[in-house]
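Subject: Structure for your review

Dear colleague,

Please find below the structure that I would like to hand over to you. My findings follow it, and I would be grateful if you read them with the model open.

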Amino acid sequence: MIEARHLRVLRAVAGTGSFSAAARELGCTQPAVSQQMKALEQSAGTPLLIRTGREMRLTQAGEALVRHAAGILAGLTAAEEEVAAIAGLRAGRVRLVSFPSGSSTLVPTALAAMRAAHPGTRISLVEAEPPRSVEMLREGDCDLALAFRYGGDGDGRASAAEWEDLVVRPLLTDRLVGLVPEGHRLAGAERVGMADLADEPWIAGCPRCRRHLVEVCEGAGFTPRIDFATDDYPAVVGLVGAGLGVAVLPELAVESVRAKGVSTVAVEPAVEREVVALTLPDLARVPAVAATLAELERAAAR
């Protein structure tokens with residue numbers, strides 16, 4: 001294998017015409033230059049220099065290697081500079097995927113802080129709900145994923161097992177709240193039991209949230225009658241506001257939507273989901289990814 005340090009010595013010898021002059025240029029000893037040239041010829045498998053008395057000239061193979069060495073060393077220098085820029089957060093990229101209510105609450109604050117502190121780092125954002133966002137992380141389609149899991153049930157345990165190979169950075173606990181139309185009999189109530197909503201038509205959210213809603217309702221002794229299902233939180237709020245049903249949404253989702261025509265109520269039993277940032281162990285050591293994780297943690301703490 002040809003090493004870059006040997007190529008640098010070859011260029012110096014070719015440029016100066018002698019080992020001693022090359023040694024002076026490189027700041028080393030003549031024996032060191034001679035030793036590295038021998039190692040390079042062994043790697044190349046052919047002589048690179050012809051020595052006749054005090055004269056030294058390149059063989060055809062030596063000329064070819066010197067010709068390519070310029071491009072190789074220039075490319076290596078450029079690569080070293082680019083890697084140094086990425087390591088120093090003067091360059092680089094982070095591909096972030098987030099579920100919608102995270103995109104509208106935590107992400108803007110974190111990305112604004114990243115841009116202010118590290119303007120050379122480019123961050124892109126796409127939206128996906130878990131488990132698709134976790135699949136994207138494992139498939140190499142993103143570097144960092146915002147996800148959530150519900151606690152106290154099978155879904156939470158399944159998610160914990162599913163994420164065993166990932167770096168899991170907890171951000172916050174997001175409590176679910178009930179949404180009822182403003183004129184509803186339970187509007188303004190301090191707390192509402194899930195069983196009190198047993199006879200109501202329901203508006204359900206994303207597939208994972210929908211499955212969890214059914215589990216919670218069944219735990220309260222009834223199966224919800226889901227009249228409408230949508231992944232769009234403003235649509236859920238709009239349907240509740242129009243008097244078409246009731247819903248439960250994470251507080252992050254309610255925070256991100258103008259809740260017009262609805263009343264929020266605390267529901268019992270309390271239902272919470274854990275919001276986390278996920279990445280791969282190797283990616284967690286990349287400076288730009290680590291910095292973005294830190295900013296997401298700060299945004300969640302506000």
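A residue is called buried when its relative accessible area is under 20%. Please also bear in mind that this is a predicted model.

I begin with strand 5. On one side of this strand point Leu144, Leu146, Phe148 and Tyr150, on the other Ala145, Ala147 and Arg149, and all of them are buried. In a regular strand, side chains alternate between the two faces of the sheet. Seven of the seven residues of strand 5 are buried, so the strand is largely enclosed by the rest of the structure.

Which strands pair with strand 5? Strand 3 does so in the parallel sense, over two bridges. Here Val97 has Ala145 of strand 5 as its bridge partner. Strand 12 (residues 272-279) runs antiparallel to strand 5, and six bridges join the two. One example is Arg149, whose bridge partner in strand 12 is Glu274.

I turn next to the aromatic rings. A pair of such rings is described by the distance of the centres and the angle of the planes. How many aromatic pairs does the structure hold? There are two. In one of them, the ring centres of Phe99 and Phe148 are 5.1 Å apart and the planes stand at 85°, so this pair is edge-to-face. Phe99 belongs to the loop between strand 3 (93-98) and helix 5 (100-117), while Phe148 belongs to strand 5 (residues 144-150); the pair therefore ties together parts that are 49 residues apart in sequence. Phe99 and Phe148 are both buried.

The other pair is formed by Phe148 and Tyr150, and it is edge-to-face, with 5.9 Å from centre to centre and 75° between the planes. Both of these residues are buried. Through the ring pairs, Phe99, Phe148 and Tyr150 are linked into a cluster. In addition, Arg273 lies over the face of Phe148, at 4.4 Å from the ring centre.

Finally, I draw your attention to Ser101, which is found in helix 5. Is Ser101 buried or exposed? Its relative accessible area is 0%, and because the limit for buried is under 20%, Ser101 counts as buried. Apart from neighbours within four places in sequence, Ser101 is in contact with Tyr233, Leu252, Ala253, Ser256 and Arg273. Arg273 is thus named twice in this message: over the face of Phe148 and among the contacts of Ser101.

With kind regards

Terms used: Residues are numbered from 1 along each chain as its sequence is written. This is a predicted model: local features need pLDDT of at least 70, side-chain atom pairs count only at pLDDT 80 or more; totals for chains, interfaces and linings use all residues. Side-chain values use heavy atoms; hydrogens and water are left out. Rings of Phe, Tyr and Trp (its six-membered ring) pair if their centres lie within 6.5 Å; planes under 30 degrees apart count as stacked, over 60 as edge-to-face and the rest as tilted. Helices (H or I, at least four residues) and strands (E, at least two) are DSSP runs, numbered from the N terminus. Buried means under 20% relative accessible area, exposed over 50%, partly exposed in between (1.4 Å probe, protein chains only). A charge sits over a ring if NZ of Lys or CZ of Arg is within 6 Å of the ring centre and within 35 degrees of the ring normal. Two strands pair if DSSP finds at least two bridges between them. Contact means heavy atoms within 4.5 Å.
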